[in-house]
Every structure is written in structure tokens, then in C-alpha cells.
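Visitor: Could you take one strand hairpin, look at it closely, and then follow the strands outward to whatever they lead to? I'd like the geometry in plain words.

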Amino acid sequence: MTLQVQAQVSLKPFNSFGIDVRAQLFAEARSDVDVREALAYAAAQAIPLLVIGGGSNLLLTQDVPALVLRMATQGIRVLHDDGVHVVVEAEAGEAWHPFVLWTLEHGLCGLENLSLIPGTVGAAPMQNIGAYGVEIKDVFAGLTALDRQTGELRDFSLEECKFAYRDSLFKHEVGRWLILRVRFALSRVSHLKLDYGPVQQRLAGQGITEATPSDVSRAICSIRREKLPDPAELGNAGSFFKNPLVSQALAAQLQGLYPDLVAYPQADGQMKLAAGWLIDKAGWKGFRDGDAGVHKMQALVLVNYGAATGHDIANLALRIQQDIAERFKVDLEMEPNQY
Ligand code: FAD
Ligand code: NAP
């Protein structure tokens, strides 16, 4: 067996909240063979297997009674290139942002708005990662996953992944699909998506009128560095709540009470409210209870000032959810995956 399995490993370095819980067993997969060995090992020990990537969308509330398998498989390859349309495949363990930079360095457009999102390629389809008006479903060309129930490989098309706002089939069939590699349909011709105000303003402020994909990536990186806490310095999992989708009637009612409400119409007739605005309006921005808090710059981000437990973060989240439900009649749904 090539897989190295360790017992009682602290997961603190492996989750961006910096929560100090232990994995009963821990291993890193550097190949498909490692993945299969890990599944066999967990089955032989009769313990569950929990797959993680960069741990940037996890809330760990207890020691994990499982074999935690960190995906560390590497490899990027071009599968198709007709001079304009290019399909690129990346292994699950590739770090997301360096992969985005690789595509830009190779003159490929499509992933620039998703710059500086932490985590791995393999986790990106889990919640159909999105930022600044682009989601991976917009550039998705397929993925290969291992069916943990049968041991068979399966290729998924765009439709089969059932991507939605921060959602996919894989979030619902928990523990079944282990994503091994993902394919992206990119282009040598720029089709920039510049709807979001801060991106337009940053480019305009730099005097850029004809932006390249790399310009957009750099602008987004600079906005994100100013606004979001760096998990290496302050534990967090990015946005802690999804932006709620509400009826037009409720949005209109809230707009009557709060004329500065931030709301965006959706194609299906619903309205998307900015959860960060609701939390800020309710007075939570900068709140701190022990080492669990709400970030000073971005109310949607819960932070660990050092020694918060997963329960401290979860309890704070519950208090915020209850307050927002009472004030605005809006339910906030947690975004990170809780274990
Ligand atoms: P992990 O946290 O390790 O895992 C997440 C889930 O996926 C878990 O349920 C895990 O079991 C499962 N999983 C992981 N790998 C695999 C695999 N290969 N096969 C099957 N299941 C797997 N998200 C956005 O959508 N947009 C953003 O703009 C954004 N910004 C962020 C900013 C910050 C500062 C932080 C900390 C987080 C941000 N996130 C954002 C959330 C997070 O980065 C993404 O969801 C990311 O895709 C998670 O990747 P990961 O490798 O860290 O996954
Ligand atoms: P922001 O610019 O302050 O905007 C607040 C919210 O309004 C965003 O969540 C965004 O929704 C929505 N919004 C803004 N402009 C919009 C437009 N033109 N059309 C439709 N919706 C619009 O947001 P932010 O917190 O700084 O984040 C910037 C981007 O990065 C967002 O897309 C956000 O989702 C993403 N991000 C995600 C995470 C995460 O962990 N999931 C963490 C940090 C940043 P959407 O969220 O639907 O885009």
C-alpha cells in the first residue's frame, strides 16, 4: 500500500477556520490508486471516509470519527484546442487559484472572475463556486467522479450535475461521489463579465478601458484582499450564509421599511437579498463573543480570532439566523459544510 495513514491528526492546519479538532485517521491522496486504497482501508476498519480539499468550506464541530482523506492529486492538461475553444482538465487536488492563474497565463478566458477563491479544483463543483457574476457551471465541460458505493468511474455532464446557486447534485448525494478531475470549456477569445459595480470601478480607477482577462483577475484579487480576511491570519470560511432568495412581495415590503435594502431580481421572478446587508443592518458587523465573531469589514464572514470551537461559531451563527428571521422574516441558510 502506498497510502500513508496516520492516527489522531489535528485538522487545525487543514481547515481555514483553524478549528482544532482531531481526525481519527488521516491520509493524503496523490493518485487514483491512493483514493481506492483509502476507500478499502476505511471499509476494512469499518469507519467512514471524509474527503476534503483545502478545508475552506468546512465547519468542524467535533473530533472526526473517520478516515479524513485530503485530495492532493496534481495535474493539468489540455484535452481539446481548436484555436478558439479549449477544454482543460485538472486533477481534484490542484489548488484553485493557481489553476486559474495557469489558465490566464495560457491565454484562456473564463475563470478570471473566480480568482482568489481558496480551495481545490475537486471541491469547486460541490457548491458550484461563484463570484462576481460567474459560476463554474458557466464554463463547465464535465467531471469524472468515483462512485464510492460501486467503485465505478462515472463522467458527469453539465445537466447531470444539477448546478444551482451554491448547490449541486453532489451536495445532496453526500458521501457518494468522490470527484477525481474536472473539465472546463475556456476560450482564447475574451467574453468578459463585468456587471458587478466594484469590478467596473476598480478597472476604471486604474484607467483601464479595454480590460483583458488578466486585468479583471488582478482587479478582483485586489478587491478581495482589501475586503476579505486572509484565513492564514484570521480563521474563516468566506461567506457563512447564502444570499436568501425571497418573493417579490416580501422584498417590496422590506424595501418599504428599508429603502437602502440591497436586492437583485432573479430570472425566476424571485429577489436575491444581500445576506451581508441584512446582518450589517441588524448591527452584527464587528460583533465578538469570545473568539467567535463577525468580521469588521464584511458582515457575511464569521471569524475565529484564535481559540473558537466549531460550536462557538455554530452558536453565533444560530443567534444571527434567529435575529434576522425576527427582524426581516428571512431565513438564512448556512453555506459551509458542517461535520
Ligand atoms: P473543502 O472545504 O475541503 O470541502 C468542501 C466540501 O466538499 C466538503 O463537503 C467536502 O467533503 C467536499 N469535497 C471536497 N473535495 C471533494 C472531492 N474531490 N470530491 C467530493 N467531495 C469533495 N466560495 C464561493 O463559491 N465563492 C467565493 O467567492 C468564495 N470565497 C471564499 C473566500 C474565502 C476567504 C474563503 C475562506 C472561502 C471562500 N469560498 C468561496 C468558499 C470555498 O473556498 C469554496 O467553497 C471552495 O470550493 C472549497 O474548496 P475546498 O477544497 O477548500 O473544499
Ligand atoms: P458585494 O459586492 O458586497 O455584493 C453583495 C451581494 O450582492 C453579493 O453577495 C452579490 O451576490 C450581490 N451582487 C452585487 N452586485 C450584483 C450584481 N450586479 N448582480 C447580481 N448580484 C449582485 O459582495 P462581496 O461580499 O464583496 O462578494 C463579491 C463576490 O464574491 C460575490 O459574488 C460573492 O458571492 C463572492 N464571494 C463569495 C464568498 C463565499 O464564500 N461564497 C466569499 C467572498 C466573496 P452573489 O453572492 O450572488 O454574487
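Guide: Let's start with S10 and S11, which run antiparallel and are joined by four bridges. Strands here are DSSP runs of E, at least two residues long, numbered from the N terminus, and two of them pair if DSSP finds at least two bridges between them. This is a predicted model, in which local features need pLDDT of at least 70, side-chain atom pairs count only at pLDDT 80 or more, and totals for chains, interfaces and linings use all residues. Residues are numbered from 1 along each chain as its sequence is written, chains are lettered from A and ligands numbered from 1 in the order written, and side-chain values use heavy atoms, without hydrogens or water.

Back to the hairpin: Leu143 sits across from Phe156 in S11. Five residues lie between the two strands, and Gly151 takes a positive phi near 80° in this hairpin.

Now zoom out a step. S10 and S11 belong to an open sheet of five strands, ordered S6-S7-S12-S10-S11, with antiparallel pairing. S6 (76–81) and S11 (153–156) are its edges; each has a single partner strand, so one side of each has no neighbour in the sheet. Further in, S7 (residues 85–91) and S12 (residues 177–187) run antiparallel and share seven bridges. One facing pair there is Glu89 and Arg183, the latter in S12.

S12 is also our way to the first ligand. A backbone N or O atom of Ile179 lies 2.8 Å from a nitrogen atom of ligand 1. Two side chains reach oxygen atoms of this ligand: a polar atom of Thr120 at 2.7 Å, and a polar atom of Tyr339 at 2.8 Å. (A polar contact is a pair of N or O atoms within 3.5 Å.) On its own, ligand 1 exposes 970 Å², and the protein buries 95% of that; the areas are Shrake-Rupley values with a 1.4 Å probe. S3 (49–52), S8, S12 and S13 are the elements that give two or more residues to its shell. That shell has 36 residues, with Val51, Gly53, Ser56, Thr120 and Arg224 coming nearest; to be near, a residue needs a heavy atom within 4 Å.

S13 is worth following too, because it stands at the edge of a second sheet, as does S17 (288–289), each with a single partner strand. This is an open sheet of four strands in the order S13-S19-S18-S17, and the pairing is again antiparallel. S13 pairs with S19 (residues 301–304) over three bridges, and Ser239 stands opposite Val301 in S19.

Ser239 then takes us to ligand 2, where one of its backbone N or O atoms is 2.8 Å from a ligand oxygen. The side chain of Tyr196 puts a polar atom 2.7 Å from an oxygen of ligand 2, while an N or O atom in the side chain of Gln298 is 2.6 Å from a ligand oxygen. Ligand 2 has 800 Å² of accessible area on its own, of which the protein covers 81%. Two or more residues of its shell come from each of S8 (130–131), helix H6 (213–227) and S13 (235–239). In total, 19 residues surround ligand 2, and the closest are Arg166, Tyr196, Lys227, Lys272 and Gln298. So S13 gives residues to the shell around ligand 1 and to the one around ligand 2.

Conventions:
Polar contact = N/O pair within 3.5 Å; in protein donor to acceptor, adjacent residues only side chain to side chain.
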